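Open the model in your viewer and keep the selection panel at hand. This tour goes stop by stop: what to select, then what is there.

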Amino acid sequence: MKKSLIAAWMLIAVVFALGLMGLAGRSILPNTQKEKITVPDPGVSDSSVSIRVKIGDTVQKMNLDSYVQGVLRAEMPASFELEALKAQAVAARTETLYKVENGPVANHPDADICNNINCCQAYKTEEDAQAAWGENADYYSAKIATAVRETDGMTILYQDKPILAAFFSAASGQTNNSGDVWINDLPYLQSVQSPEGENEVPNYYSIATFSQEEFKSTFLSQFPEADFSGSANTWFGAPTRNDSDMVLSISIGGVTVKGTQVRSLFALRSAAFTVAAEDGNIVFHVTGYGHGVGMSQYGANTMAQQGKTYLEILEWYYTGVTVAPYTPKTLASDN
Ligand SMILES: [Zn+2]
């Protein structure tokens, strides 16, 4: 009789204690504090985002995961480290969402993005890539798919919006401030050190040679006011450079031009160059490859070889960003 009474009281006590605990759990935060907690954006999966991609003359609808794989196949060697490929996948996804959210460009009002590298991003079908990969085809296909799947939905954000995720091949020691290369100087595209060099990058140092006549006529086609009447040794002024040794401006034939203009006019691999008259020719010595803004792909691969993760790589090259899941504000599938 006594035993069962004790047992009954114990049961009541336990039930009461559990009730208190439950109550305590629910009221652990005062109301004011509860309101401050923001639920992070869980983001959407790439497979539920549909985008319109202009490939050549046709516009195809495809899911973001398929598209990012296609960009990865075209934009970065599949032999690169997985963490570098993951960084590239996030950059490609971010660049795509940036374009989706900022509206179609005049070049293709009916598509979110295109495969013209001078406008958007390169794209390669699995068939074309597999043909080029040969005996590594299955391995590289799986690696590309893994890089996209393991970063599903991850996006580079600045002030909670996808960034213009610029990338290029190889830096000349440092990346460039966006304002040194383009009209806009964006806070997240600023100069940082980049670890790759001649051991990591094929043709890290390159030479471009032109005859004096060829050089003159090419330059005059764009800058007819230039004066090449003196000896070739007098044609070039001392350039101004930024921290990555990129030429900001240089006087050629008495005309001050931008390093980026010289790069495109003479198809140099980068604007980090020296130029001089040598043995009757005009010779450029060039370092690195690409515009130098944002993530260096060879730099990303070198960092991955040093054990850095894709998040560390992205946060290194894009200043002050967060990399997080994201839900696009406007989806092409809603159109
Ligand atoms: Zn485009």
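In which loop does Asp-245 lie? Select Asp-245 and look at both sides of it: the loop joins β8 (240–241) and β9 (247–252). Bear in mind throughout that this is a predicted model.

**Stop 1: two aspartates with positive phi**

Stay on Asp-245 and read its backbone torsion. Phi is positive, about 70 degrees, although the residue is not a glycine. Most residues other than glycine have a negative phi. Now check exposure. Asp-245 has 45% relative accessibility, so it counts as partly exposed.

Next, select Asp-160. Here, too, phi is positive in a residue other than glycine, with a value near 65 degrees. Asp-160 sits in the loop between β4 (154–158) and β5 (161–162). Is Asp-160 buried or exposed? Its relative accessible area is 62%, and the cut-off for exposed is over 50%, so Asp-160 is exposed.

**Stop 2: the whole protein**

Zoom out and colour by secondary structure. The protein has 11 helices and 14 strands. Colour by accessibility instead: of the 335 residues, 44% are buried. Then consider the contact map. Take the contacts with a separation of 6 or more; 66% of them are between residues 24 or more positions apart.

**Stop 3: helix α6**

Select residues 137–149. This is α6, with 13 residues. From first C-alpha to last, α6 reaches 18 Å, close to the 18 Å expected at 1.5 Å a residue.

Show the side chains. Which residues of α6 are buried? They are Ala-137, Tyr-140, Ser-141, Lys-143, Ile-144, Ala-145, Thr-146, Ala-147 and Val-148. Now add the cover. It includes α3 (64–75), α4 (82–101) and α5 (126–133). Two of these helices get a stop of their own below.

**Stop 4: α5 against α6**

Show α5 and α6 together and hide the rest. Two packed helices are described by the angle between their axes and the distance between the axes. For α5 and α6, the angle is about 135 degrees and the axes are 8 Å apart. The two helices are therefore oblique to each other. Their crossing is right-handed.

Turn on side chains at the contact. From α5, pick Glu-126, Gln-130 and Trp-133. They meet Ala-137, Asp-138, Tyr-140, Ser-141 and Ile-144 in α6. Colour this contact by class: 4 residues are nonpolar, 2 are polar and 2 are charged.

**Stop 5: α3 against α6**

Swap α5 for α3. Measure α3 from end to end: its terminal C-alpha atoms are 16 Å apart, which agrees with the 16 Å that its 12 residues should span at 1.5 Å a residue. Of those 12 residues, 9 are buried, so α3 is largely enclosed by the rest of the structure. Highlight the buried set: Leu-64, Tyr-67, Val-68, Gln-69, Gly-70, Val-71, Leu-72, Arg-73 and Glu-75.

How do the axes of α3 and α6 cross? They cross at roughly 125 degrees and come within 9 Å. These helices are therefore oblique to each other. The crossing is right-handed.

Now the side chains. On the α3 side, select Asp-65, Val-68, Gln-69, Leu-72 and Arg-73. Their partners in α6 are Ile-144, Ala-145, Ala-147 and Val-148. By class, this contact has 6 nonpolar, 1 polar and 2 charged residues. Ile-144 is on the list for α5 and on the list for α3.

**Stop 6: Tyr-310**

Keep α6 in view and select Tyr-310, which lies in helix α11 (residues 310–317). Put a distance label between its C-alpha and that of Ala-147: the label should read 9.9 Å, for residues 163 apart along the chain. Tyr-310 counts as buried because its relative accessibility is 9%. Beyond its neighbours within four places in sequence, Tyr-310 contacts Glu-83, Lys-86, Ala-87, Val-90, Glu-150, Thr-151 and Met-154.

**Stop 7: Ala-111**

Finish in the loop between α4 and β3 (113–114), where Ala-111 is found. Ala-111 has 0% relative accessibility and so counts as buried. What does Ala-111 touch, not counting residues up to four places away in sequence? Select Arg-52, Val-53, Lys-54, Val-59 and Pro-104. Then label one more pair. Ala-111 and Ile-55 are 9.6 Å apart, C-alpha to C-alpha, and 56 residues apart in sequence.

Terms used
Residues numbered from 1 in each chain as written. Predicted model: local features only at pLDDT ≥ 70, side-chain atom pairs only at ≥ 80, totals over all residues. Heavy atoms only, no water. Helix = DSSP H or I, 4+ residues; strand = E, 2+ residues; numbered from the N terminus. Expected span 1.5 Å × (residues − 1). Buried < 20%, exposed > 50% of the residue type's maximum accessible area, 1.4 Å probe, protein only. Contact = heavy atoms within 4.5 Å. Axes fitted to C-alpha atoms, helices over the stretch in contact; angles between N-to-C directions. Parallel < 35°, antiparallel > 145°, perpendicular 65-115°, else oblique. Left-handed = near helix turned anticlockwise from the far one by under 90°. Nonpolar A, V, L, I, M, F, W, Y, C, P; charged D, E, K, R; others polar.
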